[in-house]
Amino acid sequence: MRKTLKITVGALTVSLLCFQIPVHAETEKLSTAYWSEPAVGYWWYQKDLQKYPSKKKDKKPEIAINIQKPQTAKEDTSETKSTAPSVFSADWVKQNLNVYRKVAWDNPTVENLRAYMYLQRFAIDRSEQFAYAGQMAVMGDPYLDEVARSPRGVTRDQAQIVNKEQSRVINKLFKEKVGVFFVFKNDCELCVAQARVLEVAQRLYGVTVKAVSIDEPYKDNEVIKIYPNYSVNPKVAYENKVRALPATFFYNAENKEITPLVQGMVTLTDLNRRVLVSAQRNNWLDRDDFNAIKPIDDSTSLASVLTHDSALSRRLEGLKTDKNPYGEDTNYINPALLVKEITKAKDQYFTEDYIPRGY
């Protein structure tokens, strides 16, 4: 269908030939929506598009899954055991004694003070019972009685006996094994003091002392008056890693080996102790001499049998029948069984020909 459209612009008139295209009613309605509702603007098509369903896939029907939660057992409050310690037990006293003290402190009434003092007296009385029972347990048991473990410790002549044994062993050691290598220098008061200590040891034990100076001694040096057969060696400190003077070493005349003893000044008593310890460490003492200077008798020591990897340990784990009465499993052993097995394990080392140590 054709139509002629005339447009006049000023004095000019233009004729346009237009073809009219048929428009669907719905489309025409959509095209005129904007003009009918100018306030909507370019959203004019929103309401009309809602008429046309979207081509979305239909949702699948939801399947309800019912998961049943496990039913928890109802607690029987009537049989719930208390975790608090039994009244008057060791744990109860430990946890509550201080509580009663605080209560009495904050509110010092007669009842509060008396309650705290009763518990305090109970704790003291129980401690006295514990100590007295301990005395009865110790008496007659050589593995517990300190008198059997260290007879020297209860004698009035302890120092004299110890010094006598040590003197004998030290004298034997210096006579048969080693001497002393002594390093000193000028302007060293402690070197002089140590030289005098070594002089006493030389007189008591027959120690052979070889003195070496790291510098040329003065004519009035006190050390060279004690040891006139000294030698000078400036490198001796470096060669023997001397960090403090005076320095004293063991000197083995047989193999010329030098073993550190002490760097610095020590008394004769400390020197003797260090000599014996060093001799034990270097295995210079035989078994008899080693046992003679020990304060504790090995025959009464339990350390040799009570080890975690011993036959006794494995046997006790196999014999374990009791549970820890105060908590979780701790490899608790019945007290009577524990004592029986320990004494049995220790006694097997003593044969008919065993002779106890004497002093």
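**Exercise 1. Work out how S3, H8 and S4 are arranged, and which strands S3 pairs with.**

Start with the unit itself: S3, H8 and S4 form a right-handed β-α-β unit. Right-handed here means that, with the strands pointing away from you, the path from the first strand over the helix to the second runs clockwise. Helices (H or I, at least four residues) and strands (E, at least two) are DSSP runs, numbered from the N terminus.

A quick word on the model before going on: it is a predicted one, where local features need pLDDT of at least 70 and side-chain atom pairs count only at pLDDT 80 or more, while totals for chains, interfaces and linings use all residues. Residues are numbered from 1 along each chain as its sequence is written, and side-chain values use heavy atoms, with hydrogens and water left out.

Next, the pairing, which needs at least two DSSP bridges between two strands. S3 and S4 are parallel, with five bridges; Val180 has Val209 in S4 as its bridge partner. S3 and S6 run antiparallel and are joined by six bridges, and here Phe182 stands opposite Thr248 in S6.

Last step, burial: seven of the seven residues of S3 are buried (under 20% relative accessible area; exposed is over 50%, partly exposed in between, with a 1.4 Å probe and protein chains only), so S3 is largely enclosed by the rest of the structure.

**Exercise 2. Find the residues that touch the most other members of the largest nonpolar core, and the elements that build it.**

First, the rule: a nonpolar core is a set of buried Ala, Val, Leu, Ile, Met, Phe, Trp, Tyr and Cys residues joined through side-chain atoms within 4.5 Å. The largest one has 33 residues, and Leu173, Phe174, Phe182, Phe250, Leu271 and Val275 touch the most other members. Elements giving two or more residues include helix H7 (158-176), strand S3 (178-184), helix H8 (189-205) and helix H11 (268-281). H8 gives the most, with seven residues.

Now zoom in on Phe182. Leaving out residues up to four places away in sequence, its contacts (heavy atoms within 4.5 Å) include Ala195, Leu198, Val209, Val223 and Thr248. Apart from the largest core lies another, of eight residues, among them Val183, Val212, Val236 and Val242.

**Exercise 3. Classify the ring pairs Trp92–Tyr100 and Phe250–Trp284.**

You need two numbers per pair: a pair of aromatic rings is described by the distance of the centres and the angle of the planes. Rings of Phe, Tyr and Trp (its six-membered ring) pair if their centres lie within 6.5 Å; planes under 30 degrees apart are stacked, over 60 edge-to-face, and the rest tilted. The count by this rule is eight aromatic pairs.

- Trp92 and Tyr100 sit 6.3 Å centre to centre with 50 degrees between the planes, a tilted pair. Trp92 is buried at 11% relative accessibility, whereas Tyr100 is partly exposed at 30%.
- Phe250 and Trp284 have centres 5.1 Å apart and planes at 80 degrees, so this pair is edge-to-face. It links distant parts of the chain, 34 residues apart: Phe250 is in strand S6 (residues 247-252), Trp284 in the loop between H11 and helix H12 (287-292). Phe250 is buried at 0%, and Trp284 is buried at 15%.

To finish, ring pairs link Phe88, Trp92, Tyr100 and Phe122 into a cluster. There's a charge to note too: Lys210 lies over the face of Tyr251, 5.4 Å from the ring centre. The rule asks for NZ of Lys or CZ of Arg within 6 Å of the ring centre and within 35 degrees of the ring normal.

**Exercise 4. Locate the backbone oddities at Phe88, Asp187 and Pro246.**

Here's the baseline: most residues other than glycine have a negative phi, and most peptide bonds are trans.

- Phe88 isn't a glycine, yet has a positive phi of about 75 degrees. Phe88 sits in the loop between helix H3 (46-49) and helix H4 (90-106) and is exposed at 51%.
- Asp187, also not a glycine, has a positive phi of about 55 degrees. Asp187 is in the loop between S3 and H8 and is exposed at 65%.
- The peptide bond from Leu245 to Pro246 is cis, with omega near 0 degrees. Pro246 is in the loop between helix H10 (236-239) and S6.
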